[in-house]
Amino acid sequence: MEKKWWHKSVVYQIYPRSFNDTTGNGVGDINGIIEKLDYLNELGVDVIWLSPVYKSPMKDNGYDISDYQDIDPLFGTLDDMDRLIKEANEREIKIVMDLVVNHTSDQHEWFKEARKSKDNPYRDYYIWRDEPSDLKSTFGGSAWTYDNTTGQYYFHNFAKGQPDLNWENPKVQDEIHNMINWWLDRGISGFRMDVIDLIGKEIDKKIIGNGPRLHPLLQDMNKATFGNYDVLTVGETWGANPEIAELYSSPSRKELSMIFQFEHMTLDWGEFGKWTPKELDFKQLKQILSKWQTDLENGWNSLFWNNHDLPRIVSRWGNDGIYRVESAKMLATILHMMKGTPYVYQGEEIAMTNVKFDSLHEYNDVEIHGTYRDIVEENKLITHDEFMNGVYIMGRDNARTPMQWTRNEHAGFTNGLPWLKLNPNFIEINVEDALNDPKSVFYTYKQLIDLRKNSEYSDTIIYGDYQLILENHEAIFAYSRFDSDNELFVIANFTENEQSVDLGIDAKEVIVSNYIDTSTKLELLRPYEACVLKIK
């Protein structure tokens with residue numbers, strides 16, 4: 001495999017409105033990111049993935065874009081964006097932007113024009129029908145909204161303020177391609193591509209994801225845009241398996257660098273998806289993560305536990321109580337020693353946790369409120385209390401509470417009133433305290449990032465083979481990474497109970513551990529203990 005710069009990179013995702021506010025309006029901004037670049041440099045990441053900062057009415061917190069080639073005043077200006085790119089590059093940090101091209105905002109000029117009349121030049125930029133089908137919106141309710149002006153329905157897979165673009169229209173393709181090149185010429189280093197697996201949809205056949213035109217459209221996009229630059233592209237693809245992933249990311253196909261797959265992230269979803277969570281099948285988790293290590297032979301993998309749409313991993317599959325630090329370090333170790341490009345979501349590096357607000361009205365997320373109307377109020381599929389339990393465990397606002405910088409007022413995030421309530425545990429969990437504690441979760445992330453990028457084991461971690469060990473163990477996740485130069489053994493206890501181990505391993509050195517006195521003669525794993533051992 002031809003080596004690429006992003007094979008050894010570690011990406012840090014920033015959700016700008018929750019990262020750092022410099023204006024006092026309670027919303028994070030681009031200058032707030034610039035202010036924290038030295039912090040990210042200290043962590044060791046070399047790519048920032050920026051959730052959308054484009055102009056937007058913010059019906060879905062920026063994933064509803066009204067102007068792709070301008071910055072929303074809430075976050076700053078184009079000059080601020082240019083300065084972020086420049087300041088980041090000076091620290092050898094690249095900027096990757098979020099590209100949302102499945103849909104726009106209903107406030108985008110294209111849609112404003114499109115809804116004026118059936119013969120408007122922009123009409124076919126979107127998807128219109130005389131009668132709606134029974135397709136449902138991801139955010140609850142029908143995926144069709146009636147437009148009074150022209151007497152037709154438009155399609156929106158998400159909120160009604162997010163009409164889907166018609167990717168069968170060559171003019172839409174050209175507009176998007178020109179916009180992509182405009183940003184690449186400004187100096188960004190790639191794109192995270194939001195729900196990109198939906199652009200090949202065939203509405204009348206009720207095909208939404210992985211439509212037959214998807215890959216030709218991506219190949220055309222690559223040829224017209226980022227294929228001409230040395231950049232990172234990662235597609236959000238909820239329905240992918242390793243075979244599909246190779247279609248996206250095999251270099252010979254000239255589509256994307258890698259994808260986000262979510263097979264492991266839906267394992268604890270129940271009858272009504274994430275809103276009725278169930279217990280994690282741990283052995284299945286091991287099998288799925290291992291499958292993505294071994295079966296993706298001609299493509300590239302992304303590694304992640306968290307993002308802006310997912311709950312905090314230490315609360316989800318770790319222990320956010322007395323073993324918060326140990327379990328967060330364990331989860332980091334298991335993930336970062338795998339093959340692929342790791343992604344760290346803001347606050348993950350200090351083990352921020354889920355939050356539990358007092359009432360539904362305190363939550364901001366459009367998905368929470370839309371789904372509540374659909375499955376609680378209108379269809380009465382689950383009760384209010386059952387839904388709120390799902391929100392506490394799985395809701396997207398768990399990831400979106402403001403970054404906890406200090407134990408001062410508003411966690412040092414803002415001098416104003418935060419756009420979303422803070423998690424009250426910022427008194428105990430914050431960056432300032434983490435940096436002052438050499439045993440904090442932050443320094444385990446820093447160690448793992450450095451081990452991947454700058455150590456004698458770098459090539460083994462990035463390109464080496466993988467073998468799952470103790471496949472059927474109910475509590476231990478163990479695997480080896482090896483090549484002709486090194487063999488590393490990674491083992492973790494996923495529980496708060498001690499676990500006996502008898503593997504007959506002759507380890508030469510403990511490279512990483514979340515306990516200070518881990519022995520090379522490993523016989524007992526303490527609660528959430530994880531370590532990396534050098535075998536050869």
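This briefing describes the domains, sheets and helix contacts of one protein structure. The model is predicted, and the protein in it is divided into domain 1 (7–103 + 170–441), domain 2 (109–155) and domain 3 (465–534). Two open sheets are described below, one of eight strands with parallel pairing and one of five strands with antiparallel pairing, followed by three pairs of helices.

**Domains**

- The centres of domain 1 and domain 3, taken over C-alpha atoms, are separated by 30 Å.
- Between these two domains there is contact, in which 24 residues of domain 1 meet 27 residues of domain 3.

**The eight-stranded sheet**

- In this open sheet the strands follow the order S11-S10-S9-S5-S2-S1-S13-S12, and their pairing is parallel.
- Strand S11 (258–260) and strand S12 (302–303) stand at the edges, and because each has a single partner strand, one side of each is left without a neighbour in the sheet.
- At one of these edges, S12 pairs with strand S13 (residues 341–345) in the parallel sense over two bridges, and within this part of the sheet Leu303 has Pro342 in S13 as its bridge partner.

**The five-stranded sheet**

- The order of strands in this open sheet is S14-S15-S16-S20-S18, and the pairing is antiparallel.
- Its edge strands are S14 (465–469) and S18 (509–513), each of which pairs on one side only, while neighbouring strands of the sheet are turned by 20° against each other on average, direction ignored.
- The edge strand S18 and strand S20 (residues 530–534) pair in the antiparallel sense over four bridges, and Val510 stands opposite Leu533 in S20.
- Helix H10 (residues 324–336) packs on this sheet, where the helix touches strand S15 (476–482), strand S16 (487–493), S18 and S20, and the direction of H10 makes about 145° with that of S16.

**Helices H10 and H14**

- Besides packing on the five-stranded sheet, H10 has an axis that comes within 9 Å of the axis of helix H14 (residues 441–454), and the two cross at roughly 15°.
- Because of that angle, H10 is roughly parallel to H14, and H10 passes H14 in a right-handed crossing.
- On the H10 side the contact involves Val325, Ala328, Lys329, Ala332, Thr333 and His336, which meet Val441, Thr444, Tyr445, Leu448, Ile449 and Arg452 in H14; these residues divide into seven nonpolar, three polar and two charged.

**Helices H11 and H12**

- The axes of helix H11 (residues 366–378) and helix H12 (residues 384–394) come within 11 Å and cross at roughly 150°, so H11 and H12 are roughly antiparallel to each other.
- The crossing of H11 and H12 is right-handed, and in the contact Ile368, Thr371, Tyr372, Ile375 and Val376 of H11 meet His384, Phe387 and Val391 of H12.
- By type, the residues of this contact divide into six nonpolar and two polar, with no charged residue.

**Helices H5 and H6**

- Helix H5 (residues 170–185) and helix H6 (residues 214–224) have axes that come within 10 Å and cross at roughly 40°, and the two helices are therefore oblique to each other.
- H5 passes H6 in a right-handed crossing, with Gln173, His177, Ile180 and Asn181 of H5 and Leu217, Asp220, Met221 and Ala224 of H6 making the contact.
- The residues of the contact of H5 with H6 divide into four nonpolar, three polar and one charged.

Terms used. Residues are numbered from 1 along each chain as its sequence is written. This is a predicted model: local features need pLDDT of at least 70, side-chain atom pairs count only at pLDDT 80 or more; totals for chains, interfaces and linings use all residues. Side-chain values use heavy atoms; hydrogens and water are left out. Two strands pair if DSSP finds at least two bridges between them. Axes are lines fitted to C-alpha atoms, for helices over the stretch in contact, and angles run from 0 to 180 degrees between N-to-C directions. Contact means heavy atoms within 4.5 Å. Angles under 35 degrees count as roughly parallel, over 145 as roughly antiparallel, 65 to 115 as roughly perpendicular and the rest as oblique. A crossing is left-handed if the near helix is turned anticlockwise from the far one by less than a right angle, and right-handed if clockwise. Ala, Val, Leu, Ile, Met, Phe, Trp, Tyr, Cys and Pro count as nonpolar, Asp, Glu, Lys and Arg as charged, and the others, Gly among them, as polar. Domain bounds come from an automatic or database domain assignment.
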